Amino acid sequence: MNIVSLERVSRSFGTTTVLDEVSIGVSLGQRIGVVGVNGGGKSTLLAVLAGRQPPDSGRVTHRGGLRIGVLDQAVDFAPTTTVREAVLPPSAFAAEHEWAGDSAVREVLSGLGLAGIGLDSTLGERSGGERRRVALAAELVHPTDVLVLDEPTNHLDVEGVSWLASYLGGRAGALLVVTHDRWFLDAVCTATWEVGGGAVHSFDGGYAAYVLARAERERVAATTEARRQNLLRKELAWLRRGPPARTSKPKFRIDAAQALIADEPPVRDRAGLQRFAVHRLGRTVFELADVTLRLGTRTLLNGVSWQLGPGDRIGVVGANGSGKTTLLRLLTRAQQPDQGRVVVGQTVRAAYLSQEVTELPGELRVLEAVQEIAQSVRLGDVEIGASQLLERFGFAAARQWTPVADLSGGERRRLQLMRLLMGEPNVLLLDEPTNDLDIDTLTALEDLLDTWPGSLVVVSHDRYLIERVTDSVVALLEDGQLRALPGGVEEYLTRRATNDPPPAPARTVPASAAAGVRAARKEVTRLERLLSRLESAEQRLHAELAEHATDYERVSALDIELRRVREERAEIEDAWLHAAETAG
């Protein structure tokens, strides 16, 4: 039985209808993830459902005595409000303090990364991110029948997102959550609502099941463009080929998924991209040599030596304030170390996407702002025009003539990324690139990065993004070292939970290993020549297959030879990757 029901609800803003006769309901204990493009009506749906905005038409029904808690994207506290008053307002303090006393409040604040905050400190002293986490804590400690959260993972690090997912999993009551964090959707939600075009489509399961259902729907209906269908199939292929733990929902139908992705190529040709990157970048990209960096009385880096090689795809994780952004600023030379040195390769052309939306030419239109950098860009083997790239990232033809000054925060973020890419860098440094981006845009970004032929460093709290686009993970664990994590984000969370730092720092090349590195580099060169011959042989066999298509015996023999060449090429690529890793 529904505890909240919408019956033929409509809501418009000016000439834009965001909800068009929507009928849908929330049942007791249901956990719903709400997804859709920015501006598609997600926040409006939650506001109408919670009774905070009236519908233009239709009816919203709440069960009698229903308790609803709401976290908005924007929070508004008076500067003199204390943390205690924000989490337990005076009007509710006497009635609720018995079950939600200081210890319960501190547990929630600690889980959200605010362990050191004083309950009697005022919010005027705190950053915007800290104030929003306090607002989230206030909703979590109060018992509700329906909890409505709009982007709750904003301002949380990887550890905080993991804690929140676990906490919500043990919490009673229904949940509606708007988020672009796909790992969080899969970990928490049992249903997904897709909002867009005035409609709300309901799917069983979290993100993985939603991707499958959406791909099936678009394949059968054939109502969307082929490019979008291919993106969904590629995303589905990645989900199915990854670790089983990545999608634990039983409703993810394996047979149907396999049928959809039967002909889908691997998501990323790691060996091919790395070889291309070596040719573009040479052997040296970035090197940190005994780098020490202090911020006030804190030592963020203490004698760190680390290398970023050509084609390396590194995810960087760490608690808020651990120095992740500072590490990127060191690589761009915007920050100087207190001790040690930072070496940048001569061929490096780095592009840095900061957390802030940098100054954009507000007087220009969107297309002009991109063409100001370049008319087209080469991504791998493909040349893409400015307008095509904008369409790929959600700027339809009409929207490309919108003045930059009129763009939303998410659109400005996308434009910032487009302008960086048009400069054809060979190294990308991305600091929280998922901020303000919806899931469709994130999928497009990941598809582009799949063919990125340079080096990539991603700082993000978005666990899904890190696992999707990077090959290895390093962490700043607040011990002054940059640590390699072979087990990825899961290992990071375990280390943080047990306060057990990994024994080895991230990749370094000690002097004693110099001879081995030289030998590995020779082996890389030898294997590259062999791979080139095998690629030529493969191309020749494809041409012969086309030429003798009607000769069954000849085609059969050529097919056997082609399979042998492909198997040999796969073995050589594995050997090349191993040698390239040793060579640095």
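This note sets out points on two helices and one leucine, with a remark on a nearby arginine, in a predicted model.

1. Helix α5 comprises 14 residues, numbered 128-141. The distance from its first C-alpha to its last is 20 Å, close to the 20 Å expected at 1.5 Å a residue.

2. The surroundings of α5 deserve a separate point. Of its 14 residues, 11 are buried, so the helix is largely enclosed by the rest of the structure. The buried set includes the charged-type names Arg132, Arg133 and Glu139. Also buried are Gly129, Val134, Ala135, Leu136, Ala137, Ala138, Leu140 and Val141.

3. Leucine 45 lies in helix α1, which spans residues 42-49. Its relative accessible area is 0%, and the residue is therefore buried, the cut-off being under 20%.

4. The contacts of leucine 45 come next. When residues up to four places away in sequence are not counted, leucine 45 touches Leu6, Leu19, Val34, Trp193, Val195 and Val200. In addition, the C-alpha atom of leucine 45 is separated by 8.5 Å from that of valine 18, and the two residues are 27 residues apart along the chain.

5. Helix α12 covers residues 324-331, and six of its eight residues are buried, so α12 is largely enclosed by the rest of the structure. Those buried residues are Lys324, Thr326, Leu327, Leu328, Leu330 and Leu331.

6. Arginine 333 follows α12. The phi of arginine 333 is positive, with a value near 65°.

Technical notes. Residues numbered from 1 in each chain as written. Predicted model: local features only at pLDDT ≥ 70, side-chain atom pairs only at ≥ 80, totals over all residues. Heavy atoms only, no water. Helix = DSSP H or I, 4+ residues; strand = E, 2+ residues; numbered from the N terminus. Expected span 1.5 Å × (residues − 1). Buried < 20%, exposed > 50% of the residue type's maximum accessible area, 1.4 Å probe, protein only. Contact = heavy atoms within 4.5 Å.
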